[in-house]
Amino acid sequence: MPPDGVARCPAAWARLTGRATCVVHGDPNPDKIRMTADRVAVIDWDEPHVDVPDLDLALPHNAAGLGNDAYDIAAQAQAAWEAAVCWDPSGTDQFAVRRLAEVRAI
């Protein structure tokens with residue numbers, strides 16, 4: 001990962017410090033959510049871990065209705081995480097490159 005990315009990712013994660021944690025899904029998206037009139041379920045739990053719940057709620061178009069600041073912080077941390085875990089030493093994984101480009105310097 002380029003040096004600026006190495007600096008930007010931990011800075012994005014640091015913005016989550018001090019927030020409450022719980023078990024999170026780890027790789028949420030609308031295709032993994034099932035709803036009925038009285039229940040909501042998240043399926044495909046292959047990347048669960050203990051973290052800040054906003055990471056699971058930073059859905060496309062802010063579908064979970066987080067506040068603007070909370071959404072921005074979670075979306076930046078989520079992009080940084082995906083860039084870091086998907087980064088290929090050759091720097092050719094286009095998903096990781098795209099996600100790292102979304103992480104702003106703070």
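Select Glu82 to begin the tour: Glu82 is buried, with a relative accessible area of 19%, and the model you are looking at is a predicted one. Add Arg99 to the selection, and you will see the side chains of Glu82 and Arg99 meet in a salt bridge, 2.6 Å from N to O. This pair links distant parts of the chain, since Glu82 belongs to helix 3 and Arg99 to helix 4, 17 residues apart. Arg99 is also buried, at a relative accessible area of 11%.

Next, select the whole of helix 3. With 19 residues at 1.5 Å a residue, helix 3 should span 27 Å, and its end C-alpha atoms are indeed 27 Å apart, so the expected and modelled values agree. Among the buried residues of helix 3 are Ala70, Ile73, Ala74, Gln76 and Ala77, and the buried residues of this helix pack against helix 1, helix 2 and helix 4 (94-102).

Stay in helix 3 and pick out Gln76, which counts as buried at 6% relative accessibility. If residues up to four places away in sequence are set aside, Gln76 touches Ala12, Arg15, Glu102, Val103 and Arg104.

From that list of contacts, keep Arg104 selected and add Asp72, because the side chains of these two meet in a salt bridge of 2.8 Å, N to O. Arg104 lies in the segment after helix 4 and Asp72 in helix 3, so the pair ties together parts that are 32 residues apart in sequence. Both residues are partly exposed, Arg104 with a relative accessible area of 41% and Asp72 at 23% relative accessibility.

Another salt bridge can be found by selecting Arg19 and Asp54, whose closest N and O atoms are 3.4 Å apart. Arg19 is in the loop between helix 1 and strand 1 (22-24), while Asp54 is in helix 2, so this pair ties together parts that are 35 residues apart in sequence. Here Arg19 is partly exposed, with a relative accessible area of 31%, whereas Asp54 is buried, with a relative accessible area of 14%. Across the whole structure, a search finds seven salt bridges.

Now turn to the aromatic rings, where the count comes to one aromatic pair. Select Trp13 and Trp81, which form this pair in an edge-to-face arrangement, 6.4 Å centre to centre and with 65° between the planes. Trp13 lies in helix 1 (residues 3-14) and Trp81 in helix 3 (residues 68-86), so the pair ties together parts that are 68 residues apart in sequence. Trp13 is partly exposed, with a relative accessible area of 29%, and Trp81 is partly exposed as well, with a relative accessible area of 42%.

For the next stop, show the surface and select Val23, Val42, Trp45 and Val50, which make a nonpolar surface patch of about 370 Å². Within this patch, Val50 is placed in strand 4 (residues 49-51) and counts as exposed, at 57% relative accessibility.

The tour ends in the loop between helix 2 (54-57) and helix 3, where His61 is found. Most residues other than glycine have a negative phi. His61, however, has a positive phi, near 60°, and is exposed, with a relative accessible area of 79%. Leu59 lies in the loop between helix 2 and helix 3 too, but Leu59 is buried, with a relative accessible area of 8%. Finally, add His49 to the selection: Leu59 and His49 are ten residues apart in sequence and 18 Å apart in space, C-alpha to C-alpha.

Note on methods
Residues are numbered from 1 along each chain as its sequence is written. This is a predicted model: local features need pLDDT of at least 70, side-chain atom pairs count only at pLDDT 80 or more; totals for chains, interfaces and linings use all residues. Side-chain values use heavy atoms; hydrogens and water are left out. Rings of Phe, Tyr and Trp (its six-membered ring) pair if their centres lie within 6.5 Å; planes under 30 degrees apart count as stacked, over 60 as edge-to-face and the rest as tilted. Helices (H or I, at least four residues) and strands (E, at least two) are DSSP runs, numbered from the N terminus. Buried means under 20% relative accessible area, exposed over 50%, partly exposed in between (1.4 Å probe, protein chains only). Patches are made of residues with over 30% relative accessible area and no salt bridge: like charges are joined within 9 Å, nonpolar side chains (Val, Leu, Ile, Met, Phe, Trp, Tyr) within 5 Å. Accessible areas come from the Shrake-Rupley method with a 1.4 Å probe; for residues, only the protein chains shown count as cover. A salt bridge is a side-chain nitrogen of Lys or Arg within 4 Å of a carboxyl oxygen of Asp or Glu. The expected span of a helix is 1.5 Å times one less than its number of residues. Contact means heavy atoms within 4.5 Å.
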